[in-house]
Amino acid sequence: MNAEVRPAVRLASSSVGVLAAMKGVFARDMRVAFRQRQDLLNPLLFFVMVVTLFPLGVSPEVSFLSEAGAGILWVAALLSVLLSLDHLFRHDFDDGTLEQLVLQPQPLFLLILAKTIAHWMLTGLPLVILTPVLGVMVHLDGNSIAILCLTLLIGTPVLSLIGAIGAALTLGLRSAGVLLSLLIIPLYIPVLIFGTGTVAAAAEGASVGAYLALMGAFLMLALTLAPFAAAAALKISLSNA
Amino acid sequence: MSEPLLQAVNLQCERDKRMLFRELSFSILPGTVTRVEGPNGSGKTTLLRILAGLNDAWTGELKWCGTPVASQREAFLRNMLYLGHRPGIKPLLTPTENLRALMAGRRPVADAALSQALQGTGLTGYENVPCRNLSAGQQRRVALARLLVADEPLWLLDEVFTAIDADGVKALEALLQQRAAEGGAVLVTTHHDLALPGMHRLTLGAGGAP
């Protein structure tokens with residue numbers, strides 16, 4: 001191991017900008033995900049299966065489906081995101097890249113925000129893109145589908161952000177799955193209620209502005225607070241490892 | 001003597017109701033290699049994780065260049081390089097991608113420097129092979145390639161000699177020594193029989209006070 005390329009020893013005061021660091025984290029997560037495409041399909045497949053099984057298991061009646069459809073899609077999307085959460089930090093924890101992430105001379109919460117955005121683009125966003133197809137399948141009308149997509153577009157990032165807290169907290173545990181769900185589902189309930197409520201209001205012809213504003217508020221709250229909580233939880237989990 | 005880079009005062013750590021060490025005080029001076037010694041379970045890894053800021057379950061004081069670490073965390077992290085048991089290598093990424101990702105939050109490194117570092121660790125020809133197809137020793141070498149592009153004055157290296165062949169061990173020993181000659185400080189734990197001229201030793205007891 002020759003060492004010709006090495007710079008001389010001195011105390012460094014500056015590191016790369018935080019945006020470049022976030023970009024680095026985001027780019028690596030995306031690259032890893034696309035090297036393992038079957039893992040990308042899992043949440044999508046789950047989403048499609050749950051929505052397909054409802055008409056078979058309950059009733060294929062148009063009246064039932066068009067009324068319950070938005071709720072079915074929302075619950076399926078919620079569970080699908082929940083299932084993918086354990087992977088958010090687990091692999092990084094196992095191979096040691098999480099330690100190196102925490103040791104970067106950058107604000108940890110912003111790096112975690114970058115990771116969470118990558119997680120959403122890999123799980124939440126594909127669900128939103130698939131929603132119109134499944135919406136047609138459960139006989140939702142065009143307007144409802146548009147509103148449903150909009151609520152999922154605002155709602156799924158909230159699910160990823162809140163989920164990051166739970167995933168970080170349960171990282172040190174061997175069987176984290178059940179505990180993760182128990183911790184996270186109560187926090188998901190408001191998002192679910194307002195998500196489906198918006199579609200129901202739209203179906204009745206009521207104004208959805210207030211609902212959407214509330215969901216936007218959820219998103220802003222999660223964006224500003226969840227990364228801090230997840231960063232703190234991550235430090236605790238690593239400290240106990 | 002120059003000012004110590006890192007100073008530990010009265011460190012105490014308890015793990016699973018067992019005292020790993022207490023009243024542990026030492027200074028890490030620039031230009032030194034310090035080997036942390038002790039039997040299995042004596043807290044070598046824990047000590048390094050405490051110094052790196054990965055473990056919070058300790059009392060005492062840690063100073064970086066004379067000022068408490070807690071008050072200047074980012075400045076400390078920028079000047080400290082930690083290599084743990086887990087190499088921090090993504091199995092799905094190539095050595096070049098791994099190295100680039102590890103440097104991304106620290107400072108910009110030219111691709112030429114990265115490939116030169118990989119060549120320096122004997123990974124020529126493997127730059128674009130996913131790391132999961134490499135042997136354990138080669139994966140270790142990817143992590144070690146970081147040392148060749150590192151400008152951090154303080155290195156905390158936990159069991160870096162694991163899975164490295166005889167030639168690699170020799171090269172790494174030479175690198176540590178050269179690093180100390182350049183004015184860097186190295187703290188290393190290893191079960192490999194490391195004896196460098198002028199090496200400091202920090203001995204931890206088995207579960208008792210050192």
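Q: Which residue follows helix 4 of chain A, and what is the sign of its phi?

A: This is a predicted model. Gly96(A) comes right after helix 4 of chain A. Its phi is positive, near 90°.

Q: Which residues of helix 4 of chain A are buried?

A: Start with the general idea. An α-helix has 3.6 residues a turn, so residues three or four places apart point the same way. Now the case here. Helix 4 of chain A spans residues 87-95. Its buried residues are Leu88(A), Phe89(A), Asp92(A), Phe93(A) and Asp95(A).

Q: What covers the buried residues of helix 4 of chain A?

A: The cover includes four helices of chain A: helix 5 (97-102), helix 6 (108-122), helix 8 (142-169) and helix 10 (209-239).

Q: How do I read the sheet in chain B, and what is its strand order?

A: The general idea comes first. Strands of a sheet pair through backbone hydrogen bonds, either parallel or antiparallel. In chain B, four strands form an open sheet in the order 2-1-4-5, with antiparallel pairing. Strand 2 and strand 5 of chain B stand at the edges with a single partner strand each, so one side of each has no neighbour in the sheet. Helix 1 (residues 44-52) of chain B packs on the sheet and touches strand 1, strand 2 and strand 4 of chain B. The direction of helix 1 makes about 125° with that of strand 1 of chain B.

Q: How many bridges hold strand 1 of chain B to strand 2 of chain B?

A: Seven, in the antiparallel sense. Strand 1 covers residues 6-15 and strand 2 covers residues 18-28. For a register check, take Glu14(B): its bridge partner in strand 2 is Met19(B). The two strands form a hairpin with two residues between them. In that turn, Asp16(B) has a positive phi of about 50°.

Q: Which residues stand opposite Leu6(B) and Gln7(B) in strand 4 of chain B?

A: Leu6(B) stands opposite Trp64(B). Gln7(B) has Lys63(B) as its bridge partner. Strand 1 and strand 4 (residues 58-64) of chain B run antiparallel, joined by six bridges.

Q: Where does strand 5 of chain B fit?

A: Strand 5 (residues 67-68) pairs with strand 4 of chain B, antiparallel, over two bridges. Trap the register with two pairs. Lys63(B) stands opposite Pro68(B). Trp64(B) has Thr67(B) as its bridge partner. This hairpin also has two residues between the strands, and Cys65(B) takes a positive phi near 55°.

Q: Which residues touch the most other members of the largest nonpolar core?

A: Ala168(A), Leu234(A) and Leu156(B) do, in a core of 132 residues. Helix 8 of chain A gives the most to this core, with 14 residues. From chain B, domain 1 (1-79 + 153-210) and domain 2 (89-151) each supply at least three residues.

Q: What does Leu156(B) contact, leaving aside neighbours within four places in sequence?

A: Leu48(B), Leu51(B), Ala52(B), Met80(B), Tyr82(B) and Leu187(B).

Q: How many residues of each chain are in contact across the two chains?

A: A general point first. The size of an interface is often given as the accessible area lost when the parts come together. Here the reading is by residue contacts: 44 residues of chain B are in contact with 34 residues of chain A. On the chain B side, helix 6 (166-182) is among the elements that give two or more residues. Helix 6 of chain B provides the largest share, five residues. By type, the chain B side divides into 23 nonpolar, eleven polar and ten charged residues.

Notes
Residues numbered from 1 in each chain as written. Chains lettered and ligands numbered in written order. Predicted model: local features only at pLDDT ≥ 70, side-chain atom pairs only at ≥ 80, totals over all residues. Pairing = 2+ DSSP bridges. Buried ≥ 20, exposed ≤ 12 C-beta atoms within 10 Å, placed from the backbone. Contact = placed C-beta atoms within 7 Å. Core = buried A, V, L, I, M, F, W, Y, C linked by C-beta atoms within 7 Å. Domains from an automatic or database assignment. Axes fitted to C-alpha atoms, helices over the stretch in contact; angles between N-to-C directions. Nonpolar A, V, L, I, M, F, W, Y, C, P; charged D, E, K, R; others polar.
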